[in-house]
Amino acid sequence: MLDSHAPHRKAVLPELAPVAHLVDRDPQVTPQQMADSLVPPPQFATASFASYRPDPEYASQAEVRDAVEAFVRTAPEPAKRGLFGRKRKEPETPARSGVYLDGGFGVGKTHLLAAAYHAATGRKTFGTFIEYTALVGALGFQGTVDLLRGTALVCIDEFELDDPGDTMVMTRLIKELSESGTRFAATSNTPPGALGEGRFAAQDFLREIQAMSDRFDTMRIDGLDFRRRAVDESASVVDDVASVLATLTPSSSSSAPSGTGGPARVTQDDFRAVVAHLASVHPSKYVALVDGLDAVGLTDVQAFTDQTDALRWVALVDRLYDAQVRIVASGVPLDTVYPEVMLEGGYRKKYLRAASRVVALTRAESQPRAS
């Protein structure tokens with residue numbers, strides 16, 4: 001059963017001894033564990049509308065914050081019925097049942113999404129787009145509908161449509177749930193009408209995409225990437241990964257014992273070995289892959305030559321960022337691993353989001369072990 005009051009994402013791996021290599025991890029996640037993890041990540045466990053700090057230079061940030069708060073706090077209209085209690089015929093244009101936050105990287109979209117989750121009453125879920133599609137893969141479409149039916153608010157972070165199958169699945173899921181009273185809040189770097197552009201033959205699915213976007217009020221958030229405002233705009237690189245990892249102690253967000261002076265839970269691997277390992281782990285399990293870790297060490301980082309590898313890495317970066325797992329890396333700076341030919345393609349915004357996040361993760365404040 002979904003826990004609508006869970007304060008943070010539940011660990012999906014049992015307590016383990018410190019691990020040495022990320023490539024040794026082969027997480028097994030049950031559908032119920034996937035459902036239980038549909039809550040905001042730890043860094044947004046206390047996110048609220050009051051704690052959101054809009055940039056005064058960009059009025060849209062405060063405007064969208066207020067609009068999303070009003071959306072969450074306003075009760076939805078009950079379904080209208082005709083004579084004898086029969087449900088009236090559905091209009092050609094469906095009622096708006098959600099808000100869709102469109103904006104660049106680091107403007108606080110996920111913070112506002114988590115704030116909406118915490119402010120909402122009743123059953124609610126929070127997950128990334130890939131987590132919902134993975135749930136459909138595990139439970140089947142009808143099983144997912146049955147699980148989520150009755151949920152008051154479904155929050156979808158990082159809304160992306162990378163293939164026609166995802167388009168159809170999410171269109172159907174949103175339609176089924178919205179017709180039973182569920183409302184939605186979603187974030188993306190792409191307006192809903194442009195989802196799928198440059199990735200597949202979007203013109204063949206315009207009807208499905210349009211039907212989905214018609215259910216949202218799109219709100220644009222402008223601004224600068226807060227993750228890059230106060231730091232050098234490049235991911236940090238170290239000469240000796242092992243020596244830096246040895247200085248770390250458990251973070252407050254990890255499941256490792258804290259305050260004991262013991263070692264942090266870290267892994268150290270060759271970058272190319274990690275990328276190869278990702279091919280053997282379904283992206284829906286990446287949450288479990290990094291669960292409980294304080295830091296991951298990556299040696300000899302190199303630029304990507306294969307787009308599939310690059311996209312798997314993006315998915316892992318998103319999970320590392322959600323869990324606030326520090327990255328310690330040597331070799332090429334991790335925000336420069338995407339060649340220009342990739343940045344010119346349809347996945348440009350995904351790559352730029354990952355680049356923004358690795359800057360923050362490689363420059364996270366270290367926690368040196370007390371001497």
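The legends below walk through several close-up views of this predicted model.

**View 1. An open sheet of five parallel strands.** Welcome to the sheet whose strands follow the order S2-S3-S4-S1-S5, with parallel pairing. Strand S2 (124-128) and strand S5 (216-221) are its edge strands, each pairing on one side only. Direction ignored, neighbouring strands of this sheet are turned by 15° against each other on average. As general background, strands of a sheet pair through backbone hydrogen bonds, either parallel or antiparallel.

**View 2. Strand S4 and its two partners.** Here we move in on strand S4 (residues 183-188). On one side of the pairing, strand S1 (residues 98-103) joins S4 in the parallel sense over five bridges, and tyrosine 100 stands opposite alanine 186 in S4. Strand S3 (residues 153-157) also pairs with S4 in the parallel sense, over four bridges. Look for isoleucine 156, which stands opposite alanine 186 in S4, and for leucine 153, whose bridge partner in S4 is arginine 183.

**View 3. The two faces of strand S4.** Is S4 mostly covered or mostly open? Six of its six residues are buried, and the strand is mostly covered. One face carries Arg183, Ala185 and Thr187, while the other carries Phe184, Ala186 and Ser188, and all of these are buried.

**View 4. Helix H2 across the sheet, with serine 60.** Helix H2 lies across S1, S3, S4 and S5, and runs at about 155° to S5. Within H2 (residues 59-73) you can find serine 60. This serine 60 has a relative accessibility of 11%, so it counts as buried, the cut-off being under 20%. Leaving aside residues up to four places away in sequence, serine 60 touches Arg220, Ile221 and Asp222.

**View 5. Helix H4 and the glycine that follows.** Which residues of helix H4 (residues 129-139) are buried? They are Phe129, Glu131, Tyr132, Thr133, Ala134, Leu135 and Val136. Just after H4 comes glycine 140, which takes a positive phi of about 85°.

**View 6. Strand S7 between S6 and S8.** Strand S7 (residues 295-301) has five of its seven residues buried, so the rest of the structure largely encloses it. Strand S6 (residues 266-270) runs parallel to S7 and is joined to it by five bridges; among the pairs, glutamine 268 has glycine 297 in S7 as its bridge partner. Five bridges also join S7 to strand S8 (residues 326-331), again running parallel. There, leucine 298 has alanine 329 in S8 as its bridge partner. Together with helix H11, S7 and S8 make a right-handed β-α-β unit.

**View 7. Helices H9 and H11 where they cross.** In this last view, the axes of helix H9 (residues 271-278) and helix H11 (residues 307-323) come within 9 Å and cross at roughly 90°. That crossing is why H9 is described as roughly perpendicular to H11. From H9, Phe271, Val274, Val275 and Leu278 meet Asp309, Arg312, Trp313 and Leu316 in H11. Sorted by character, the residues of this contact are six nonpolar, no polar and two charged.

How values were computed:
Residues numbered from 1 in each chain as written. Predicted model: local features only at pLDDT ≥ 70, side-chain atom pairs only at ≥ 80, totals over all residues. Heavy atoms only, no water. Axes fitted to C-alpha atoms, helices over the stretch in contact; angles between N-to-C directions. Helix = DSSP H or I, 4+ residues; strand = E, 2+ residues; numbered from the N terminus. Parallel < 35°, antiparallel > 145°, perpendicular 65-115°, else oblique. Contact = heavy atoms within 4.5 Å. Nonpolar A, V, L, I, M, F, W, Y, C, P; charged D, E, K, R; others polar. Buried < 20%, exposed > 50% of the residue type's maximum accessible area, 1.4 Å probe, protein only. Pairing = 2+ DSSP bridges. Right-handed = clockwise from strand over helix to strand, strands pointing away.
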